[in-house]
Amino acid sequence: MIKIEKRNDVPMALYFFTPFIAIILTILGGGIIFYILGFNPIEALKFYFITPISNLYGLSELLLKATPLCLIAIGLSFCFKSNNWNIGAEGQLTFGAIVGGGVALLFYNQEGFYILPLVILAGAIGGMIFALIPAILKTYFNTNEILVSLMLVYVSKLLLDYLVVGPWSNPEGFNFPETRQFSDSSRMPLLFEGLRIHAGIFLALAAVMLSWFILYKTYLGFQIKVSGLSLKTAKYAGFKGKTMILVVFMISGACAGLAGVGEITGPIGQLHRMISPDYGFTAIIVAFLGRLNPFGIIFASLVVALTYLGAETAQIFLQIPKYTGQVFQGMILFFLLASDYLLFFKVKILNLKKNELRH
Amino acid sequence: MATDLRISNISKIYPGCVANDNVSLQFKSGKIYALLGENGAGKSTLVKILSGVISPDNGEVFLNEKNLKLSSPLDAKKNKIGMVFQHFNLFETLSVFENLSIDATEDNKSLRVRINEILKKYNFSIDLDVPVLNLSAGQKQKVEIIRCLLRSPKVLIMDEPTSVLTEQETEELFISLKKFCDEGILIIYITHKLKEVLSLCDEVAVMRKGKVVSVSQTQNEKVETLANKMVGQKLAKIKKKINISKNKDEIFKVKHLNFYSDDPFETNLVNLNFSVKKGECLGIAGISGNGQNELFQILSGEIITPDTSIIFRNKEIAKLNPKQRREYLMAFSPEDRISQAAVPELKIYENVALNNFKSSNFFEKGLVNERKIKEHSKKILSDFSVNTDNVELKSQFLSGGNLQKLILGRELITAPELLICYNPTWGLDVGAINYIHETLIKINDQEKSTILISTDTEELLKLSDRIAVIYKGKLSKIMPSEEVTPEKLGVLMGGGSID
């Protein structure tokens, strides 16, 4: 008979170490899948995890992909730590991009130092407003934030679709579903000539520092921590629960909005249908892989960004579809949850014969 | 055929709690048996063992002298033990028939015929094709009962079945249960409601703290004798010095406290009025589940009720949240130490910071002042003799007694004018209980007031200056504690009346 018991004392060190175990298991799992598909697993894994970052351009691409993941995951950590399940970061990213992109399009034929800050601000506010919808519905009408935030993803994606095909489409664009190119003043400055990595990375790093400060050094952070561990205690301590829900959703939405605006003013430079390869959803994995810890999230965003790059390389060199990237992301989450389970519970195999003898 | 169910030396130990301690009982068909006890007495554990949800650490169950191996609910079903839980296990969006057909072994046509036979036989009126969510609580329970009857059970266990029923539905249920009993089904009825035991059951076993403390014929019992068995009457009556003089100021006054909840598992409170004088301990007795939870939360500000007036030190505080009430020098010690009063995963000093009053300066301009909190925590640990001086220790490593000392210390170090506590010594060992009782008496000596909501009669008689009893959300008249005897409390706690 198998018996599962809760462990009383889980060492903190092990808690931060299990993500590494999950990553190693993911790589092993990936190797097995490649083997079954008939590839040399060592070679395939090399294409997946080493080739993409073996040159400067690759490293720049890695940081480029990690930037939005890190930003969104930082925002999500506020929600998840306080027991608010915002699943709709992808929608908040899209809506932030729409609002920020709208402002950028207003200035499409103008130059000026003030334009980029305005665009970024608009993007953050857009994401914030979109995140407020599930937050307000949750606090005042008791709706489930998981469902509402998730469904709003499709609302914002369809809105973006409508805008780029209809009213905002480029008048000189031969009916392609895309807007005009933004003016240079609306673009994120590039950090190095010839590489795509842009100043948005500083937004992500600032978010990491700021979130660390808020979570560990302020009263708001303390309230988030307590509410996440026990809502009953938060109520008993007299925390303003509704305000806190609104605040964490706003932080989370603003971060997702920033990520969205960073994409369109960075590598993309206009609005079109495919502004995000599901960064908003993947960032959920990043947040948990990083243990909802700001510095853990930096690390996790790099790992997960690598799965995006690896998938693209593998598609080119091994002709496997790039959606294997999602397989890897799924495996990371799966192995993380599995090792967490074993971390918090111990499985005992009882000796049945002994029991039967006693009867 | 007669059924004979025997439980022999059942023990189940959870970390830090003996849920069942060597329980042996015998049941025979043709009678309705009551299993009576307070919340946490071990009834539910025993029932879960009988229904195969959990397995005992020790002991055996015999049905008609056959040793049963109940390692899953399926085993219980196979052995014809049926169970209706307090919380229904139904799919709300499926129809009644779909719910019943889920675990059926026969085809839908013959199943429907059998269900209709049962409906007719017991006079149940339920439309089989409406979704379960459209049914009343009583009808949902009938669906659960039908599910058991379909398997022609030998034993039917009902866990707190009337907690969600109206009076009318309760009567109907009792009629059905008596019918089942006449047909030879052995019925075990779990409850903490004394009147139901007396009106329905033939034999009653009382459990307390995991043990069976008495088995008797209900005809020989009265509400008060059962109540005393349930809460554990102890004859020794150590009372504190009554230190109240009649003309002291009222410091706390509650008027028109009404609470209505949509949740059938909560108790409604009906027009509670009481006041507390300076330096006085007001005791509120009652069997758990009679509205104490709701009352505590309203007094602490976790629930705000409209139209209630709560005056504290001449100020109206009924609309304030717990944090704001603390600023007026109230303090609260809830019943649930582990998931409400403190968070086990937090360090000691973080738990101390939960009582964040303005003058504490724990959080200045929104920032954490860790140094201040730690200093304050050290003082609590030494002043209230908690057996550690490490404020960085996670609270989960404190024993129940030390955790309660920490919580009381946190609440009392601000020198509050009124402390409201709910079962402050629940589950503690004798040493810790004495320490906490001494502390509570000391507060009254310092002219501070306390409201003690407790299910422990002995504790109430020892500490209170005046006592009232809460029963089904209503408060009895408030009596000076020298006029109160355990017997009187027993009558009131069981819903009787005295004069």
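In chain A, 77% of the contacts between residues at least 6 apart in sequence join residues at least 24 apart. Keep in mind as you look around that this is a predicted model. Let's go through chain A, then chain B, and then the place where the two chains touch.

**Chain A**
- Chain A is built with 14 helices and 2 strands.
- Its radius of gyration is 22 Å, close to the 21 Å that the globule rule gives for 359 residues, so chain A is as compact as a globular protein of that length.
- Along the principal axes, the C-alpha atoms of chain A fill a box of roughly 85 × 60 × 35 Å.
- Of the 359 residues in chain A, 46% are buried.

**The two domains of chain B**
- The domain assignment splits chain B into domain 1 (4-221) and domain 2 (250-493).
- Between the C-alpha centres of domain 1 and domain 2 of chain B there are 36 Å.
- Where these domains of chain B meet, 6 residues of domain 1 are in contact with 6 residues of domain 2.
- On the domain 1 side of that meeting place in chain B, you will find 2 nonpolar, 3 polar and 1 charged residues.

**Where chain B touches chain A**
- Chain B brings 21 residues to the contact, and chain A brings 15 residues.
- On the chain B side, the elements giving two or more residues are α10 (322-327), α11 (337-341) and β18 (367-368) of chain B.
- Sorted by class, the side of chain B that touches chain A holds 10 nonpolar, 8 polar and 3 charged residues.

How values were computed: Residues are numbered from 1 along each chain as its sequence is written. Chains are lettered from A and ligands numbered from 1 in the order in which they are written. This is a predicted model: local features need pLDDT of at least 70, side-chain atom pairs count only at pLDDT 80 or more; totals for chains, interfaces and linings use all residues. Domain bounds come from an automatic or database domain assignment. Two residues are in contact if their C-beta atoms, placed from the backbone, lie within 7 Å. Ala, Val, Leu, Ile, Met, Phe, Trp, Tyr, Cys and Pro count as nonpolar, Asp, Glu, Lys and Arg as charged, and the others, Gly among them, as polar. Helices (H or I, at least four residues) and strands (E, at least two) are DSSP runs, numbered from the N terminus. The radius of gyration is taken over C-alpha atoms; the globule rule is 2.2 Å times the number of residues to the power 0.38. A residue is buried if 20 or more other C-beta atoms lie within 10 Å of its own, exposed if 12 or fewer, and partly exposed in between; C-beta atoms are placed from the backbone.
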